[in-house]
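Visitor: Hi! Could you walk me through a structure?
Guide: Happy to, here it is.

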Amino acid sequence: MHDPRTAAPQRRNGIVVLGAGLAGPVAAIYLARRFGRVTVLERHADTRHTPAGQGRSLMVILSHRGWRVLRELGLEEAVRRICVPLTARCGHLPDGSTVVTPYSRDGAPIWAVERNRLHRLLLDAAEAEPGVDLHFERPVLAVDLDTPALLVRAGTAERWIPCGHVIGCDGVHSVVRAALVEQGAHEQVSTLELAYQEIVLDLPSCDRGLMHYWPAGDALFGAFPLVSSPLFAGSVFFRKDGPWPSYAAVTGARALARQFTDVFPALAAGIPDLEQQLATKPVSTVRLTRCDTWTSGGRAVLVGDSCHAMAPFMGQGMNCAFEDVRTLVRCLDREGDWQRALTAYERSRKNDGDAIADISYQHYRTMSRLPDPRQEAEEAVARRLVALMPDRFVPLYERCAFSEESYSSALAEEQQLRSLARRIISQYGSTAVDLPDPMLRASVAAH
Ligand SMILES: Cc1cc2nc3c(=O)[nH]c(=O)nc-3n(C[C@H](O)[C@H](O)[C@H](O)COP(=O)(O)OP(=O)(O)OC[C@H]3O[C@@H](n4cnc5c(N)ncnc54)[C@H](O)[C@@H]3O)c2cc1C
């Protein structure tokens, strides 16, 4: 096998972006505009040439941070055309009532897009960018961070490819992260308690300007209107393990369909091919990761899910990954030196990655659980405070989805708001929610 250290300098690839998922093409475009040639290595075949995403219908949410990046790359208009705006999420509770939570106080929407369509558009844009070389079916088996070099498989051949800088956009199973761990970094990898299957369904009575969800304690169903059809793209989440209802508690599609019908009777009635969909759609798990080190000298850096794969319910994983790339590029522009830039990127971004992962996990707990009176009181007081003093208190979702405030600052502000709400409740008990405005203001001033 070829030894990377013997490569002649002129044969070294400059920048290699590892992974052509959602962040990879974005990173390649940004970097090619600054540094010229960028090589992208992707282990899978090109999804643009496989039949319609192999039946997957997953929707992803684009919000402010993602749009900022798409605008900078000149892709905003093209992406906007394949998106649908959503102004609120609508919870359908087991007692038949609904609760509508606007995404923002001024009615601004977030935008849902079919992941496959967005992915294809990003790949087209990267391919059209002068300097970007996309290579599919090129799994990277190992990373030598010191040289640096990548062990790449092409067909049956394996060879080391030396390079200048490695951008690890290789997702939750990152080999770049694995190489950092070999050098002493600490990673945390776990799997969300819930697994999911995608289900396409008709929801004729549901407003297409809203995201809809059905919480059921240990299970959850969420649905987004599709852009390319009058149907909705749904996902059913059941616990992976544990007692009924869970994936572990049933065997076979018929039993799974019965479980679905028991937990979501109103939905099941409108899905005539439920059993067939459950039999054919894969059960996917959600991996959660974090890592205490994101860079190796000026040579390698982690971006996106490789360093902060999170629970999906805040809709921030991709938005955060795009913002990572933008932050990295701004550090490179500012520092003019890879070593200093990567250090600055890690310093500015690591806490934010951890913060949005924490926020996303907490949001998942909030969306999946049924209303709890103690939490309800805290949330109600927090909502009152936000309404009463809109310049001082901003809802957490809005901070994440409609601003560029750092995620760690958003989390700290939310923790302060919640702690204030709890102190007001402990002072006034059950009357706290109904305190007159002047008393509530006085209470804020006193705490
Ligand atoms: C159910 C669900 C819903 C979600 N909804 C949203 C949402 O609404 N909004 C949002 O912002 N985010 C959402 N996300 C998160 C979002 O999908 C991810 O955060 C995003 O895909 C991260 O991009 P990435 O490029 O870092 O990783 P990926 O998109 O996973 O890309 C990694 C790429 O690297 C390739 N790769 C991996 N290893 C190698 C290797 N060794 N050699 C070569 N190539 C390799 C992979 O094949 C893949 O193409 C959701 C996630 C899930 C699971």
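Guide: We can talk about a pocket and then a loop residue.

Guide: This is a predicted model, where local features need pLDDT of at least 70, side-chain atom pairs count only at pLDDT 80 or more, and totals for chains, interfaces and linings use all residues. Residues are numbered from 1 along each chain as its sequence is written, and side-chain values use heavy atoms, with hydrogens and water left out.

Visitor: What's the volume of the second largest pocket?
Guide: About 1300 Å³, counted as the space filled by probe spheres set on grid points joined across faces, edges and corners. A pocket here is an open set of points on a 1 Å grid over the protein atoms alone where a 1.4 Å probe fits, with protein on both sides within 12 Å along at least five of seven lines; lining residues have an atom within 4 Å of a point.

Visitor: Which residues lie nearest its centre?
Guide: Arg89, Thr366, Glu379, Arg383 and Arg418, out of 39 lining residues.

Visitor: And why does it lie between two domains?
Guide: Because domain 1 (4–82 + 115–190 + 290–365) and domain 3 (372–446) both give residues to the lining. Those bounds come from an automatic or database domain assignment.

Visitor: New topic: is Asp106 buried or exposed?
Guide: Exposed, at 65% relative accessibility (exposed is over 50%, buried under 20%, partly exposed in between, with a 1.4 Å probe and protein chains only).

Visitor: What does its side chain reach at 3.0 Å?
Guide: The side chain of Asp106 reaches the backbone nitrogen of Ala108.

Visitor: How far is Asp106 from Thr87 in space?
Guide: They are 9.7 Å apart, C-alpha to C-alpha, and 19 residues apart in sequence.

Note on methods
A polar contact is a pair of N or O atoms within 3.5 Å; within protein, one must be able to donate a hydrogen and the other to accept it, and residues adjacent in sequence count only if both atoms are side-chain atoms.
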